[in-house]
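Here's a quick briefing to keep beside the viewer. Have a look at the chain, then work through the notes below.

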Amino acid sequence: MTVPFSAESAAESAAAAADRATAAILADFTGGGHRGVIVDSPPGAGKSTLVVTTTLELALAGERLMIVAQTNEQVDDLVDKIATRAPAITVGRLHKDGFQVPERVLRHPGVTASKKIDDVASCAVVLATADKWAYVSGRTWRWAIIDEAYQMRSDKLLAIAALFEQALFVGDPGQLDPFSVVDTERWAGLAWDPMQSAVAVTARLNDLPVHRLPVSWRLPASAAPLISEAFYPFTPFRSGTTGADRALEFTAAGFPVPWDHTLNEAASTGWALHELPSRHTVRTDADAVQACAGLATRLLQRGPIAHDEHGSHHVDATRIAIGAAHNDQVAAIRAAGVPAGITVDTANRLQGREYDVTIVLHPLSGRRDATAFHLESGRLCVLASRHRHACVVVARAGIPELLDAHPSTGRVRLNVPVKFPDGWEANHAVLAHLAGHRVPT
């Protein structure tokens, strides 16, 4: 007998798949006898939830562990979540001299924040950035969790490897690789290349089990298939929700103008391409900058309300983000009069964050060439996967032709694994999808 499909059964199936994956990860990490376990996770699949769940299981069993994150923001978020879930657990927040610990960390009585390891070493859980952990010596932990491990350079892992015995590496393989302002060409292909990720080096030197989280709880049903196909071709995932679970509506009607047409398209389908006329421009294209700022302003003016599996809420400025590839583009958009509270930042800084609606300035918009930087699949993946409801892409026409004029013919280096997905193909896949949601101006 055929069982009728329902949103409830789909949600149960997704939750069951996620629970099975989490159970298998915990079993391998705590009882598998491995030096490490790698967990690949798509955007919004619950990496932080996995880290917190693993932390509580170990800490409540009387074990001590260290947690490594890549930024202070990530550390503070984890401290807040762990202390909220289990107030009785003692948590140490290790930080650099002069760092201002945020209120969301200090409000927990079980949290001790200090720049000295001696002040927090007795805590059940100690958290710090990889850079801060590099200054710790003379102490060891049996368990370590490396959060956002694909962002971590291998030399940073080497600096702290003596501090722990077993590690859980959690990260997203489809997003940005480790970044450096230093030219690293001289090390490309060498075994000691510091720009390799912590996961890449660990996996090459050790036979470690690899798990993956199969469900994205952030990306809606309108976005997960595209992001999975374009950026995770060999590790597909699904959305934890169905199309009926999420909706975005406006309390104020729009006018028959391109900005409102774009916002209506995004609200009804989850995607919109706000396409400007084809033209070669400077990087801080004034029309594109004004479009990003104007769309964000108009979005707030129309009083958006988001409906999801948790209920309904007004989408305020804090739930909207504008993403771009370069710092000067970010500065130009901010100067264009973006309403206070809206996040405007580069893909590097938006990685790991979540919003209801995002507006993206396409990295290739208005360009004469397609460089390796602008073709990097991880950059577009980050920009296109921060939203829970809708994503608006601002771009000048002509990007598909630009891609065809600059085929993907990057240099091939010995001993360097070919990176998948290819940025050229990923860009074409995203643009082909956006063509169906195009609003010309």
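What pLDDT does the protein average, and what share of the residues score at least 70? The average is 91, and 90% of the residues reach that score of at least 70. Bear in mind that this is a predicted model. The weak spot to know about is residues 1-9, where the pLDDT is below 50. Beyond near neighbours in sequence, that stretch has 4 contacts in the model. Where pLDDT is low, the predicted coordinates should not be read in detail.

**Helix 9**

- Helix 9 covers residues 224-231, and because 6 of its 8 residues are buried, the rest of the structure largely encloses it.
- The buried residues in helix 9 are Ala224, Leu226, Ile227, Ser228, Ala230 and Phe231.
- Which elements help to cover the buried residues of helix 9? The cover includes two strands, strand 10 (238-239) and strand 12 (271-276), along with helix 15 (377-383) and helix 17 (423-434).

**Strand 6 and the loop after it**

- Trp143 sits in strand 6, which runs over residues 141-147.
- With a relative accessible area of 2%, Trp143 is buried.
- Setting aside neighbours within four places in sequence, Trp143 is in contact with Phe29, Thr30, Leu58, Glu63, Arg64, Leu65, Met66 and Gln166.
- For a sense of scale, pick Trp143 and Glu401: they are 258 residues apart in sequence, and their C-alpha atoms are 51 Å apart in space.
- Glu148 belongs to the loop between strand 6 and helix 7 (154-160).
- Check the backbone at Glu148: its phi is near 50°, which is a positive value in a residue other than glycine.
- Is Glu148 buried or exposed? Glu148 counts as buried because its relative accessibility is 9%, and the cut-off for buried is under 20%.

**A nonpolar surface patch, and Arg298**

- Phe255, Val257 and Trp259 make up a nonpolar patch on the surface, and together they have about 280 Å² of accessible area.
- Val257 is found in the loop between strand 11 (247-250) and helix 10 (258-269).
- Val257 counts as partly exposed, since its relative accessibility is 35%.
- Arg298, in helix 11 (residues 286-301), touches two of the patch residues, Phe255 and Trp259.
- Not counting residues up to four places away in sequence, the other contacts of Arg298 are Ala253, Gly254, Asp260 and Leu263.
- Arg298 itself counts as buried, because its relative accessibility is 13%.

**Salt bridges**

- The count of salt bridges comes to 24.
- Lys115 pairs with Asp97, with the closest N and O atoms 3.3 Å apart. This pair links distant parts of the chain, 18 residues apart: Lys115 is in the loop between strand 4 (111-114) and helix 5 (117-120), and Asp97 is in the loop between strand 3 (91-94) and helix 4 (103-106).
- Lys115 counts as partly exposed because its relative accessibility is 40%, whereas Asp97, at 59%, counts as exposed.
- Arg349 forms a salt bridge with Asp345, and their closest N and O atoms are 3.5 Å apart.
- In that pair, Arg349 counts as partly exposed at 47% relative accessibility, while Asp345 counts as buried at 11%.
- Asp369 and Arg367 meet through their side chains in a salt bridge, 2.7 Å from N to O.
- Asp369, at 29% relative accessibility, counts as partly exposed, and Arg367 counts as partly exposed at 21%.
- Which residues are linked in a network of salt bridges? The network links Arg218, Arg246, Arg388, Asp308, Glu309 and Glu354.

**Cysteines**

- How many disulfides does a search of the whole structure find? The search finds 0.
- Cys381 is in no disulfide, and the nearest cysteine sulfur, that of Cys391, is 11 Å away. A disulfide needs the pair of sulfur atoms to be within 2.5 Å.
- Cys381 counts as buried because its relative accessibility is 0%.
- Cys123 counts as buried too, at 5% relative accessibility.

Definitions and conventions. Residues numbered from 1 in each chain as written. Predicted model: local features only at pLDDT ≥ 70, side-chain atom pairs only at ≥ 80, totals over all residues. Heavy atoms only, no water. Patch = residues over 30% accessible without salt bridge, like charges linked within 9 Å, V, L, I, M, F, W, Y side chains within 5 Å. Areas by Shrake-Rupley, 256 points an atom, 1.4 Å probe, with all protein chains shown as cover. Salt bridge = Lys/Arg side-chain N within 4 Å of Asp/Glu carboxyl O. Helix = DSSP H or I, 4+ residues; strand = E, 2+ residues; numbered from the N terminus. Buried < 20%, exposed > 50% of the residue type's maximum accessible area, 1.4 Å probe, protein only. pLDDT = per-residue confidence, 0-100. Contact = heavy atoms within 4.5 Å.
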